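Notebook, metal site and a small sheet. I wanted to look up how the metal is held and how the strands are ordered.

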Amino acid sequence: MANAYEVARDTWVIPQLVLAPPIGHVDFNSAMIRGPEPVATDTGAPVHRDDFLATLASLVDPDDVRWLFLSHDDRDHAGYLIPLLEACPNATLVTSWFAVVRMIEEWPISLRRCRFVEENMAFGAGGRALATLRPPLFDSPVTRGPFDPSNGVFWAVDCFATSVPHAAVDIAEIDREAWQEGMRIVNCVNHPWHRWLDETKWGRHVDTVEVLGIKVIGGCHTRSITGSMVAEAFKLIRQVPAAASWEVPNQAVLEAWWEAGVDVVNGTPVDPATTFSCPLEPSP
Ligand SMILES: [Fe+2]
Ligand SMILES: [Fe+2]
């Protein structure tokens with residue numbers, strides 16, 4: 001885990017970079033909005049729980065966290081939910097009925113601590129009016145991404161996800177072709193239904209998001225996208241329906257990794273220079 005960084009006034013990303021061979025590294029980020037009513041956005045993955053809480057506490061006193069905005073219940077976004085609710089006793093869980101239904105079989109969530117928000121609502125948090133948007137692409141029926149008109153930051157959740165060859169703060173630090181290829185790979189894999197999209201109809205949905213004047217795209221699986229890169233990111237995401245799907249590693253590839261002595265389950269380091277080429281380097 002790297003240090004948190006501020007992407008716009010009062011909005012911080014808590015980054016977590018995870019090795020994801022053979023495509024490189026993938027972020028599993030969360031965010032924190034500071035202010036009179038701090039908003040924690042997503043909770044990070046279980047594997048990062050101790051680091052995550054320490055980083056969050058470096059930004060704001062957990063007792064002061066007023067809202068915990070949960071984009072959806074996938075474990076990379078919600079895996080630390082219960083410990084975080086315990087660590088932030090004054091936080092209300094901003095979620096939806098269906099998200100709670102999907103979580104309640106595992107996690108004891110008190111409805112008294114919940115606030116339900118639906119798509120395209122304005123959610124008030126200490127003078128901010130966060131819009132609850134459906135990102136252009138999403139992998140859960142309950143996904144909502146907050147957009148803050150006061151600083152132009154849109155938390156795109158799983159949309160605009162990409163692999164990266166190395167750590168960075170801004171996507172502009174990443175080789176342009178690597179970013180474009182990472183966007184195609186990850187968005188096709190994560191949204192396999194892209195092939196059946198009606199591009200015209202879906203394009204109108206993308207329009208409703210792009211027209212908002214987003215200045216910074218943040219997300220669980222991307223570095224910050226800022227400036228002119230925002231328009232380019234939307235251009236890339238509009239290409240996803242027609243994009244060629246990436247062939248995920250199959251059993252033959254897995255056996256080639258075994259043959260090479262590769263085991264990434266325990267996080268064996270892989271030289272970033274090899275991240276876009278199979279097979280992986282053998283472990284030392
Ligand atoms: Fe997801
Ligand atoms: Fe995700």
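I began with the terms: donors are N, O and S atoms within 2.8 Å of the metal (3.2 Å for Na, K and Ca), and sites may look incomplete because water is not among the atoms. Four donors count as tetrahedral if all angles lie between 85 and 135 degrees; four count as square planar and six as octahedral if opposite donors are over 155 degrees apart and all others between 65 and 115; anything else is irregular.

I noted that this is a predicted model, in which local features need pLDDT of at least 70 and side-chain atom pairs 80 or more, while totals for chains, interfaces and linings use all residues. Residues are numbered from 1 along each chain as written, chains are lettered from A and ligands numbered from 1 in written order, and side-chain values use heavy atoms, without hydrogens and water.

For the iron ion (ligand 2), I found coordination by Asp76 (OD), His77 (NE2), Asp158 (OD) and His221 (NE2) at 2.0 to 2.2 Å. I recorded the site as irregular, with angles of 85 to 172° among its 4 donor atoms. The iron ion (ligand 1) lies 3.5 Å from the iron ion (ligand 2), and aspartate 158 coordinates both.

I checked burial (under 20% relative accessible area is buried, over 50% exposed, partly exposed in between; 1.4 Å probe, protein chains only). Aspartate 76 counts as buried at 15% relative accessibility, and histidine 221 likewise at 7%.

I then turned to the open sheet of 3 strands, whose order is E3-E4-E14 with antiparallel pairing; strands (E, at least two residues) and helices (H or I, at least four) are DSSP runs numbered from the N terminus, and two strands pair if DSSP finds at least two bridges between them.
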